[in-house]
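Hi everyone, thanks for letting me have the slot today. I'll put the structure up and then walk you through it piece by piece.

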Number of protein chains: 2
Amino acid sequence: MKFCNQCGATVSLQVPVDDDRERHVCSACETIHYLNPKVIVGCLPVVGDRILLCRRAIEPRYGKWTLPAGFMENGESSAEGAARETWEEAAAKAIDQALYRIFDVPHINQVYLFYRCHLENNAYGIGPESLESALFTEEEIPWDELAFPVVREMLQEYFVDRKTNEFPIRNTVIAYGRKPPTEL
Amino acid sequence: MKFCNQCGATVSLQVPVDDDRERHVCSACETIHYLNPKVIVGCLPVVGDRILLCRRAIEPRYGKWTLPAGFMENGESSAEGAARETWEEAAAKAIDQALYRIFDVPHINQVYLFYRCHLENNAYGIGPESLESALFTEEEIPWDELAFPVVREMLQEYFVDRKTNEFPIRNTVIAYGRKPPTEL
């Protein structure tokens, strides 16, 4: 960030009065520009004993398999956003949504909220951000071709939970690539 | 938003290629400036049969009682952020954090993540954003002087849950002030 989006003047990093960390502050109108984590919303769509995955038609991880997910938009709830992403990526209507998995990923400033769901009429297709969509049993999941570690972790947990039909909401912190404190 | 924070040129609302909604797009460098919901993180600090509340020294709701909470910062997990806010507002160290309550508040583009917690040595004080801090039993809670509806709702749920000592993670959508769909 180099310029103020309110007045167009330059910004500089300063610690504002009553604050404890550097922010981008406008040199002219003094607007403080805060940067905050973004929320990723998605679904884990269940059809019988199979899970719907999409093969990515976009970077990053072009060609890899993933659960439908993306950035939460202003004006929507997290469940609405997760359903929207499922529609956009898999042309499928999410129903029976139940919050399932929360990940904090602080080194990339993201929070993930994933919902288990069913699909209306068990129907799905291929959205513009996907090369293909398909249903997989646990044995069929392309474990070595998954796009993101959180997808692998969530799928592994799901298949364990399914044995008892109990799906507790879990939240954990993902620290892939984060330096351990002693290296800071 | 009127100016591009990357190059300082003017921005205008346009629907970018491959998108389905208006974004602020730079007239010069074509950077797309996305606006996304923000995450509010907080704690529900439990000391025996009492709850720690802080009386706000800042707007909005100056002088009203609330749970320690605030905007999640880049680089931290939601639990770390909730503990940071508890320190800043009540000079108390949150321990034993357990995710408890998630609210979507789409009409103000916010997601709330609240953790139940205990306090190290049961100690607390008064942070710079608070006029005072105090512990309240259910009967002592200043129900008519709470700062926000989500605080009231969460406290009511907590005292119900405490009777069975079961604290399921709940998520709901808050639609205060949102027009019903028929009026849209």
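I'll start with how far to trust the model, then go through one chain, the pairing of the chains, and a few odd spots.

Okay, so please keep in mind that this is a predicted model. The scores for the whole thing are ipTM 0.92 and pTM 0.93. For chain A, the average pLDDT is 94, and 95% of the residues score at least 70. There's a stretch to be careful with, though: residues 180–184 of chain A, where the pLDDT is below 50. Beyond near neighbours in sequence, that stretch has one contact in the model. As a rule, where pLDDT is low, you shouldn't read the predicted coordinates in detail.

Now, what does chain A look like? It has two helices and eleven strands. If you walk along the sequence, the pattern goes β-β-β-β-β-β-β-α-β-β-β-α-β. The C-alpha trace spans about 60 × 40 × 30 Å along its principal axes. Of the 184 residues in chain A, 36% are buried. And here's a number about how the chain folds back on itself: take the contacts with a separation of 6 or more, and 59% of them join residues 24 or more positions apart.

Chain A also splits into two domains: domain 1 is 1–35 and domain 2 is 38–173. How far apart are the centres of the two domains? Going by C-alpha atoms, the answer is 37 Å.

Let's look at a residue in the gap between those ranges, Asn36(A). You'll find Asn36(A) in the loop between strand S3 (32–33) and strand S4 (38–47) of chain A. Is Asn36(A) buried or exposed? Somewhere in the middle: it has 16 C-beta neighbours inside 10 Å, so it counts as partly exposed. Leaving out residues up to four places away in sequence, Asn36(A) touches Lys38(B), Val39(B), Phe71(B), Met72(B), Glu73(B) and Asn74(B). Notice the letter B on those names. Within its own chain, by contrast, the C-alpha of Asn36(A) is 33 Å from that of Phe159(A), 123 residues along.

That takes us to the pairing. In total, 31 residues of chain B are in contact with 31 residues of chain A. On the chain B side, the elements giving two or more residues are strand S4 (38–47), strand S8 (94–105) and strand S11 (170–173). The largest share comes from S8(B), with three residues. By type, that side of chain B divides into 16 nonpolar, ten polar and five charged residues.

How are the two copies arranged? A turn of 180° with a shift of 0.0 Å along the axis lays chain B on chain A, with an RMSD of 0.0 Å. So the two copies are related as by a two-fold rotation axis. And 100% of the interface residues of chain B are also interface residues in chain A, so the copies meet through the same surface.

Next, the inside. The largest nonpolar core has 75 residues, and those touching the most other members are Cys43(A), Tyr112(A), Cys43(B) and Tyr112(B). There's also a second, separate core of eight residues, including Phe3(A), Cys4(A), Val11(A) and Phe3(B). Back to Tyr112(B) for a second: leaving out residues up to four places away in sequence, it touches Ile40(B), Ile102(B), Phe103(B), Val105(B) and Val150(B).

Last bit: backbone oddities. Most residues other than glycine have a negative phi, and most peptide bonds are trans. Here are some exceptions.

A cis peptide bond joins Glu59(A) and Pro60(A), with omega about -5°. Pro60(A) sits in the loop between strand S5 (50–56) and strand S6 (65–66) of chain A. Over in chain B, Glu59(B) and Pro60(B) are joined by a cis peptide bond too, with omega about -5°.

Then phi. Asp96(A) isn't a glycine, yet its phi is positive, about 55°. Asp96(A) is in strand S8 of chain A, and it counts as exposed because it has 11 C-beta neighbours inside 10 Å. Ala91(B) also has a positive phi, near 50°. This alanine, Ala91(B), is in the loop between helix H1 (78–90) and S8 of chain B. With 17 other C-beta atoms within 10 Å, Ala91(B) is partly exposed.

That's my tour, thanks for listening!

Terms used
Residues numbered from 1 in each chain as written. Chains lettered and ligands numbered in written order. Predicted model: local features only at pLDDT ≥ 70, side-chain atom pairs only at ≥ 80, totals over all residues. Domains from an automatic or database assignment. Core = buried A, V, L, I, M, F, W, Y, C linked by C-beta atoms within 7 Å. Buried ≥ 20, exposed ≤ 12 C-beta atoms within 10 Å, placed from the backbone. Contact = placed C-beta atoms within 7 Å. Helix = DSSP H or I, 4+ residues; strand = E, 2+ residues; numbered from the N terminus. Nonpolar A, V, L, I, M, F, W, Y, C, P; charged D, E, K, R; others polar. Least-squares fit on C-alpha atoms with pLDDT ≥ 70 in both. pLDDT = per-residue confidence, 0-100.
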